[in-house]
Amino acid sequence: MKKIIYSALVALAFVGVSCSSDDNSSNGGENGGVTPPNKKILVIDKININSTDNYDGKPDYQTSIFLFKYENKKLITMESEENDLFYKFSYDDKGIVKDIESTEIEDTYEGEKKVTKKHIVSDFLGVTPFNLGKIGKVNQMDKGNAVDMTFYSYDETDKVIGEYKSTMRYDTQPFAAFHTLNTTGAVDLSKKTQVDFGVNAGAFNGVDYLNKLLPVNNPTYLKHALVGSEEYVETTIAYKYDKDNYPTSFEYTIIDHVYEDDWNPITHKVEYKWVSYTIKGNATITYKELK
């Protein structure tokens, strides 16, 4: 769950990398019919997550703490207190995030540490222009939020081998991480629009890509399903808010429905069946003002 949450935040943080400050858009904020960002400017300081899953047939309890660090009003690092996940942000001369380096440390079966480093932006975009439309498309927007999306997976020959359908729902409160992401320079209040389909209807490109993927409200439901299959992941989230409309805690449930093989000791054969695993948990969020 920890990796899901922070990977999502990191993805949103670099959404605006391909959008320069000269991009033109209209109908921002209240004029666009969307919920404006929270009037009180606070950034995320710490998230504490408690989770329980049943992947190995018995309850597995985990507690994770993630810390957000800033310098000169810029988000510099996001890191786990357990030191197993780390994101470092770098900026260009205009103060816009240009790359995010991730470091993940895992224990191996041999008792050693496996360290994986990635450059989320440069490795993803590469040295040549990347066709963001190949990832998928936004099928439907509602009040500035993407509620219906399609994603594609490819084989080594660049052939589409899977199509995924994602459906989302949101509450009515301002997106809690907006001001946190705003420290990266990747979002701009004046540039956020309600709907901008652009020349490639639904495709992820330019400012259209930014406007669609940056939510204006807090997500409460996501179902990501493989088309033509029973495979899916379904997540529900319920928040509690303070007087400034910032979520200070939330409870979540994740259901992972997968096709799994199992050895039958009686028939001495591998049998396949659909199995659902459930992760439940809660989290607390603390914020702070940047001086």
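In what sense do S10 and S11 pair, and over how many bridges? In this predicted model, the two strands pair in the antiparallel sense, over five bridges. Tyrosine 221 illustrates the register: its bridge partner in S11 is threonine 236. S10 and S11 form a hairpin, and five residues lie between them. Glycine 228 sits in the turn and has a positive phi of about 85 degrees.

S10 (residues 217-226) also pairs with S9 (residues 160-174). This pairing is antiparallel too and spans eight bridges. Here proline 174 has asparagine 217 of S10 as its bridge partner.

Threonine 235 belongs to S11, which covers residues 232-241. Its relative accessibility is 14%, so threonine 235 counts as buried; the cut-off for that class is under 20%. Beyond its neighbours up to four places away in sequence, threonine 235 touches Thr220, Tyr221 and Leu222. Thr253 and Ile254 are also among its contacts. In a regular strand, side chains alternate between the two faces of the sheet.

The largest nonpolar core holds 31 residues. Within this core, Ile44, Phe68 and Phe89 touch the most other members. Several elements each supply at least two core residues. Among them are strands S1 (43-53), S2 (60-71), S3 (74-80), S4 (85-91) and S5 (97-107). Helix H3 (178-182) is another such contributor. Strands S12 (247-264) and S13 (269-288) likewise each supply at least two residues.

The contacts of isoleucine 44 were examined with neighbours within four places in sequence left aside. Isoleucine 44 is in contact with Phe68 and Tyr70. It also contacts Ala177 and Thr180. Ile285, Thr286 and Tyr287 complete the list for isoleucine 44. A second, separate core has five residues, including Val138, Met141, Met149 and Met168.

Nonpolar side chains also appear on the surface. Tyr259, Trp263, Val270 and Tyr272 form a nonpolar patch there. Together these residues have about 480 Å² of accessible area. S12 and S13 are the elements that give two or more residues to the patch. Both strands also supply at least two residues each to the largest nonpolar core. Tyrosine 272, one of the patch residues, lies in strand S13. Is tyrosine 272 buried or exposed? At 52% relative accessibility, tyrosine 272 counts as exposed, because the cut-off for that class is over 50%.

Technical notes: Residues are numbered from 1 along each chain as its sequence is written. This is a predicted model: local features need pLDDT of at least 70, side-chain atom pairs count only at pLDDT 80 or more; totals for chains, interfaces and linings use all residues. Side-chain values use heavy atoms; hydrogens and water are left out. A nonpolar core is a set of buried Ala, Val, Leu, Ile, Met, Phe, Trp, Tyr and Cys residues joined through side-chain atoms within 4.5 Å. Buried means under 20% relative accessible area, exposed over 50%, partly exposed in between (1.4 Å probe, protein chains only). Helices (H or I, at least four residues) and strands (E, at least two) are DSSP runs, numbered from the N terminus. Contact means heavy atoms within 4.5 Å. Patches are made of residues with over 30% relative accessible area and no salt bridge: like charges are joined within 9 Å, nonpolar side chains (Val, Leu, Ile, Met, Phe, Trp, Tyr) within 5 Å. Accessible areas come from the Shrake-Rupley method with a 1.4 Å probe; for residues, only the protein chains shown count as cover. A salt bridge is a side-chain nitrogen of Lys or Arg within 4 Å of a carboxyl oxygen of Asp or Glu. Two strands pair if DSSP finds at least two bridges between them.
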